[in-house]
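Me: I'd like to go through this model with you and ask about the words people use for it. Could you explain what stands behind each term?

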Amino acid sequence: MARRGGRGWYGQVVAAALGVTAVTVAASLWTAQAGPVNDPSQAGTSVHHPAPKEAAAKVSVEIAHASDRGARGVNITIDDGPDPVWTPKVLQVLEEYGAKATFCMIGPQAKAHPDLVKAVVAAGHRLCDHTVSHDVTMDTKPETYQSQQILDAERMITEASGGVRPLYYRAPGGAFTPYSRKVAASHGMRPLGWNVDSKDFERPGTAAIVATVKEELPNGPTILFHDAGGDRSETVAALREVLPWLKEQGYSFGFPVR
């Protein structure tokens, strides 16, 4: 989520969800990179997280904005879920238009909805660590806190997925620090930014979301949407317009560079 307005609505997230929506999504030829799950420390009780027995691939600490599909590639990124109401609807639209996306997940949300995390992976999308609490002031907090937020969420997402690791780390509100980028990269997660803020979180109307994406696309290929945090019907409707429009303009759907 963009930092504008200081929205830290996930700061009080509680990982107790009543039921999990089961989603069946056909497996895609685009596969996510999987690895073994850590033997983790207890979340919230330890800020020390040992490295995986099989080291994750080294990635750059620089914030990624480019697409692995080159100049005519776009990266659809979906933040703050998974959500039992809206994530299935987003997945359906992505499938209809043959689009792949990177889902930046909140750790407790992933833990509460493992079937949705698995559905995202099965459809060939990629996972991104979006911390435990979505604290947009993380860049002002101690390094031990930053590490706990990133690595506890990584563990939750990896366990919920059945062993597929997040390949990216997106700081809430873009609140990166040199330290947080180093921690993420050391665990194989490329820091991930965005070029186009659709502003869908503010629910300005479907037409406004679509117009914003079209106007800001020259800024770069990574587009920010949301599948949680309230009513996301405008986002779903906007994706139904934006995805075919992007294809008509000659763009292909890729993933952020690693």
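Reply: Happy to; below we take the core, a helix and some strands in turn, keeping in mind that this is a predicted model.

Me: What makes the largest nonpolar core a core, and which residues touch the most other members?

Reply: A core needs buried nonpolar residues joined through side-chain atoms within 4.5 Å. The largest such set has 37 residues, and Ile-76, Phe-103, Phe-225 and Leu-246 touch the most other members. Helix H7 (233-248) is among the elements that give two or more residues, and H7 provides the largest share, seven residues. Apart from this core lies another of 10 residues, including Tyr-169 and Phe-176.

Me: Why are Leu-116 and Val-120 in H3 called buried?

Reply: Buried means under 20% relative accessible area, so that is where these two fall. Val-117, Ala-119 and Val-121 of H3 are buried as well. The buried residues of H3 pack against H1, E2, H2, E3 and H4.

Me: How do you know that E2 and E3 pair?

Reply: Pairing takes at least two bridges. E2 and E3 have four, in the parallel sense, so they qualify; in one of them, Thr-102 has Arg-126 of E3 as its partner. E3 and E4 have two bridges, also parallel, so they qualify too. Asp-129 has Tyr-169 in E4 as its bridge partner.

Me: Why is the crossover from E3 to E4 called right-handed?

Reply: The chain goes from E3 through H4 to E4. With the strands pointing away from you, that path runs clockwise, and therefore the β-α-β crossover is right-handed.

Key: Residues are numbered from 1 along each chain as its sequence is written. This is a predicted model: local features need pLDDT of at least 70, side-chain atom pairs count only at pLDDT 80 or more; totals for chains, interfaces and linings use all residues. Side-chain values use heavy atoms; hydrogens and water are left out. Buried means under 20% relative accessible area, exposed over 50%, partly exposed in between (1.4 Å probe, protein chains only). Contact means heavy atoms within 4.5 Å.
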